[in-house]
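Visitor: Could we go through this one together? I'd like to start with the charged pairs and then move on to the domains.

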Amino acid sequence: MKKIAVFSSGGDAPGMNACIRAVVRTSIFNHLDVTGIMHGYDGMINGEIIPMNARSVSGIIHRGGTILKTARSAEFMTQEGMNKAKQNLESNKIDGVVAIGGDGTFRGALEFSNICSVPFVGCPGTIDNDLIGTDFTIGYDTAINTVVDAVDKIRDTAESHDRLFFVEVMGRDAGLIALRSGIGSGAEAILISEAETDFEKLIQHLRESRKDKSSKIVIVSEQSGTGSVVKLAEKVKKVLPFYDIRFSVLGHIQRGGNPSCMDRVNSSRMGFAAVEALMQGKKNLMIGIINNKISYTPFENAVKHIEELHPDLVKMMRVLAI
Ligand code: F6P
């Protein structure tokens with residue numbers, strides 16, 4: 001192993017920069033050349049490969065986003081795209097690649113391994129926390145703290161007006177952002193597809209808690225299957241007309257911002273471990289942290305979706321929301 005490349009791919013996540021920094025500096029410490037690939041798989045196809053040194057990653061550990069940029073590449077899903085990417089890795093004499101991304105990134109890497117022998121090791125970068133093989137993905141902790149911060153603010157105005165708020169949060173295929181941020185913000189209800197939404201029960205719960213609670217916050221995951229919060233608010237207003245209802249879609253603010261300390265440390269650990277894994281000859285696996293220990297999960301297992309959310313959290317959420 002003489003030369004490593006690192007890239008970020010898919011949706012950006014706070015902590016990706018800390019991970020890039022760790023990959024670059026761990027490589028340099030081990031006397032490896034290190035390059036960055038810009039714009040994810042698109043940059044691999046277009047040959048956007050730039051040399052990096054210890055100073056190229058100075059002053060980035062605290063910044064959200066990714067200095068290497070990112071993309072969801074459609075072209076990489078084609079045979080032609082993959083062939084071009086392979087040529088570029090080979091002509092740049094890349095011996096190993098660290099891919100920072102989520103589900104789509106690792107599916108792509110797995111497919112690519114059928115035509116290209118350059119080893120890939122992944123670091124889980126997505127705010128959704130929807131990968132098997134790590135307790136927390138890069139960006140998840142920051143995202144849920146962003147949500148809690150936003151909901152705390154919404155709570156102030158909801159309290160003042162005795163209002164019911166529906167707050168939509170991200171999580172394309174998993175309700176983990178909603179579940180944890182909902183518990184952390186003391187939500188009255190959390191709607192996620194993993195725990196079936198019984199509309200009648202929700203209505204009953206909101207009706208009963210009307211008298212003794214001035215504000216009510218319902219966290220709705222974008223993947224909950226209930227439709228948009230706009231429609232949901234209208235539907236609830238029809239049944240509970242006495243409620244003054246508002247909604248808020250938090251959107252992409254959940255993807256930005258300075259990473260939390262936990263994200264900075266975890267991302268650094270994973271970037272560090274990824275380079276060591278490549279040096280040890282490991283490939284096609286995702287670095288994770290389980291019970292505070294570095295773990296290695298083959299890409300094919302990491303990309304399987306989580307079917308069931310922590311049942312203890314779901315149970316507790318219902319008890320604490322009375
Ligand atoms: O995967 C991260 C994520 O933020 C999801 O929670 C969300 O559904 C999706 O990306 C949004 O993607 P985009 O930024 O491409 O609209």
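Guide: A salt bridge here is a side-chain nitrogen of Lys or Arg within 4 Å of a carboxyl oxygen of Asp or Glu. This is a predicted model, and in it aspartate 12 forms a salt bridge with arginine 255, with the closest N and O atoms 2.8 Å apart.

Visitor: Where in the chain do arginine 255 and aspartate 12 sit?
Guide: The pair links distant parts of the chain, 243 residues apart: arginine 255 lies in the loop between β9 (245-249) and α9 (261-279), while aspartate 12 lies in the loop between β1 (3-8) and α1 (16-29).

Visitor: And how many salt bridges does the structure hold?
Guide: The structure holds nine salt bridges, and the rule finds one across the interface of domain 1 and domain 2.

Visitor: OK, domains then. What does the assignment give for the protein chain?
Guide: Domain 1 is assigned to 3-139 + 259-298 and domain 2 to 141-255, and the C-alpha centres of the two domains lie 34 Å apart.

Visitor: How much area do domain 1 and domain 2 bury between them?
Guide: They bury about 1,200 Å², with 49% of it on carbon and sulfur atoms. On the side of domain 1, Arg72, Ile127 and Asp128 lose the most area to domain 2, together accounting for 40% of what that side buries.

Visitor: How many residues are in contact, and how many pairs are in polar contact?
Guide: In domain 1, 15 residues are in contact with 13 residues of domain 2, and eight residue pairs between the domains are in polar contact. The residues on the side of domain 1 that touches domain 2 divide into six nonpolar, four polar and five charged.

Visitor: Switching topic: what is the reach of helix α5?
Guide: Helix α5 covers residues 140-161, 22 residues, and reaches 31 Å from its first C-alpha to its last, close to the 32 Å expected at 1.5 Å a residue. Aspartate 162 follows α5 and has a positive phi, near 55°.

Notes: Residues numbered from 1 in each chain as written. Predicted model: local features only at pLDDT ≥ 70, side-chain atom pairs only at ≥ 80, totals over all residues. Heavy atoms only, no water. Domains from an automatic or database assignment. Contact = heavy atoms within 4.5 Å. Buried area = accessible area lost by both parts, 1.4 Å probe. Polar contact = N/O pair within 3.5 Å; in protein donor to acceptor, adjacent residues only side chain to side chain. Nonpolar A, V, L, I, M, F, W, Y, C, P; charged D, E, K, R; others polar. Helix = DSSP H or I, 4+ residues; strand = E, 2+ residues; numbered from the N terminus. Expected span 1.5 Å × (residues − 1).
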